[in-house]
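Work through the exercises below with the sequence and coordinates open. Each task is followed by a stepwise solution.

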Amino acid sequence: AKYIRLKNFCAQKHPVWVRISPLCIMPSKACSVAIAGVGAYAAAQAFLAPSVSPQVNQQQVRNLRQQPAATESSSAAAGALTLGVAGVAVASAAQVGKRTARRSQVVRQATAVAEKVFTKMPASVKPGVVTGQALVDLLNYAKENEFAIPGVNVVSSSSVNACMEAAKKAGGPVMVTFSRGGGQFLAGKAADNTDDAACIAGTVAGALHVRQVAKLYGVPVILHTDHCQKSWLPWFDGLIEASEEYFEKNGEPLFSSHMLDLSEESLEDNISICKKYLERMAKINLLLEMELGVTGGEEDGVDNTDVDSSRLYTQPEEVWQVYEALSSVPNGNFTVAAAFGNVHGVYAPGNVSLKPVILHNTQEYIKEKLGCESDKPVSFVFHGGSGSSLEDIRYAIEAGVVKMNIDTD
C-alpha cells in the first residue's frame, strides 16, 4: 500500500495519513468516486504537503491521470475530499458482504487443497509436508517410476516459496533442503551462534514457514536438511529435538528427513553413529539420509577438492554393510548417498567422470544377498550433479536414485 500525506481540514496542526490498499481499487462506482476524490484533493494540495514518494509505480500514475482534474481553488479541493470520503464510506459498506463471501471462499479453497490426493501417486501422499509412511510411499513410487525428486537448497522464505511455486507449475513433488550455513543465514549472521544456536533457530524457523504455506501450493513437499559432519552434531541434535517436540503436539515430526554425512569417519564409526541416530529418529517417523564415500568438490565450507580419487567411488560391499545394519532398526527408514564420481560445485558437462554403473552393480549385489525379488532394494540419492550428462543422470535414476540435489545450478 502507498501512503499519501494529507492535511486535516478540521485541525491543520495534525497531518493525516490516508492508506490506499490495492484491494480498494475495485471496479465499482463507489470506489472510483472515492479514489477520484482523494486523488483530486492530493493534486490540489501538492503545494501544501510533501510530494508523493517517487516510488509510486507507473500504474498508479496512470490511475491518477485518469481521474477528473482538480480545480485550483481550496473550496473545490474541499468538495473533492468530501466526495472522496463519502465514496469511501459507501464503498466500505458495500464491501462488508463481499469480504465475508471472499473469506468463506478462501476457507473452502484451502480445505479443497488440503484434502486433495494425487491420483497418480500413492493415496497417502497429499499436498503439504510429507512424513513417515507417506514419505516412504513417495520415494518408493519415484523409484518404481524412475524419476528423481529435486532436492533444492534454500536460504530464505523467498527461495523456499520459489521452489514450491516451481513444483506447483511442474505438477510434482519437491524437496526443500536447509543446510547448516543456510539456517544460520536465515537467522542472521549477527545472531549468537554459541552451540549452533543460530543455525538451529534459523533452520527451525525455515521449517515452520514451510509448514505454514506448503499446503497452499498444492504439492507434496519433503522438508529436509543437508550434510552434517561429526563436528556439526549439535546442530543435528537441536533439529531432532525440535521434531520430537513437534511430534508430541502434532503426531508427526517437524521435518521429513535429515542427512548425516560421516563419510570422513571410518566405515565402522559411520555405520554405528548413523544406527544410533536412526534408532532415535525412527520413534518419531524421521527418515535418515546417510553418505558413503566422498562427494568431491566444495560445499557449505567443506572442501574435498583434493581428496583421493579412490574415495569418490563406493563399493557394493560397503553399501551392503550399511543396509544390513540400518535395516535392523525397527521402523527405521533410510536412503544412501553413495559416491559414484559425483562432485560438488559448478562444472561444464564432460568434466565429471560419473560411474552410475556402480549403483546398478550395488543393487544386484544386495538383491543377491537378500534373495529378494526387488531389483532395486536400496533407495539412492544423487549429490553433486553439476556437469553430469543427461545420459548419466538417467542411468543413475534407473539404478534407484530417488532424489537429486540442486544447489549451485
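**Exercise 1: Confidence**

Task: state how many contacts beyond four places in sequence the model has for residues 110–115, where pLDDT stays under 50.

Solution. Step 1: pLDDT is the predictor's confidence in each residue, from 0 to 100, and contact means heavy atoms within 4.5 Å. Step 2: over residues 110–115, with pLDDT under 50, the model has four contacts beyond four places in sequence. Step 3: residues 1–94 also stay under 50, and for them the model has 75 such contacts. Step 4: the chain average is a pLDDT of 77, and 64% of the residues score at least 70. Step 5: where pLDDT is low, the predicted coordinates should not be read in detail.

This is a predicted model, in which local features need pLDDT of at least 70 and side-chain atom pairs count only at pLDDT 80 or more, while totals for chains, interfaces and linings use all residues. Residues are numbered from 1 along each chain as its sequence is written, and side-chain values use heavy atoms, with hydrogens and water left out.

**Exercise 2: The chain as a whole**

Task: report how many helices and strands the protein chain has, and what share of its residues is buried.

Solution. Step 1: helices (H or I, at least four residues) and strands (E, at least two) are DSSP runs, numbered from the N terminus. Step 2: the protein chain has 12 helices and 13 strands. Step 3: of its 409 residues, 46% are buried, where buried means under 20% relative accessible area, exposed over 50%, and partly exposed in between (1.4 Å probe, protein chains only). Step 4: among contacts with a separation of 6 or more, 69% join residues 24 or more positions apart.

**Exercise 3: Phe 178**

Task: is Phe 178 buried or exposed, and which residues does Phe 178 contact beyond four places in sequence?

Solution. Step 1: Phe 178 belongs to strand β5, residues 174–178. Step 2: its relative accessible area is 0%, so Phe 178 is buried. Step 3: its contacts outside the four-place window include Val 154, Val 160, Leu 186, Val 210, His 224 and Trp 235. Step 4: for His 224, 46 residues away along the chain, the C-alpha separation from Phe 178 is 6.5 Å.

**Exercise 4: Two aspartates in a loop**

Task: which is buried and which is exposed, Asp 195 or Asp 196?

Solution. Step 1: Asp 195 sits in the loop between α6 (180–187) and α7 (197–213), and Asp 196 is in the loop between α6 and α7. Step 2: Asp 195 is not a glycine, yet has a positive phi of about 55 degrees; for Asp 196, also not a glycine, phi is positive at about 65 degrees. Step 3: Asp 195 has 67% relative accessibility and so counts as exposed. Step 4: Asp 196 has a relative accessible area of 7% and is therefore buried.

**Exercise 5: Helix packing**

Task: classify the packing of α10 against α11 by angle.

Solution. Step 1: axes are lines fitted to C-alpha atoms, for helices over the stretch in contact, and angles run from 0 to 180 degrees between N-to-C directions. Step 2: α10 (residues 316–326) and α11 (residues 357–370) pack at about 50 degrees, their axes 9 Å apart. Step 3: angles under 35 degrees count as roughly parallel, over 145 as roughly antiparallel, 65 to 115 as roughly perpendicular and the rest as oblique. Step 4: α10 and α11 are therefore oblique to each other. Step 5: the residues that meet include Trp 320 and Tyr 323 in α10 and Tyr 365 and Ile 366 in α11.
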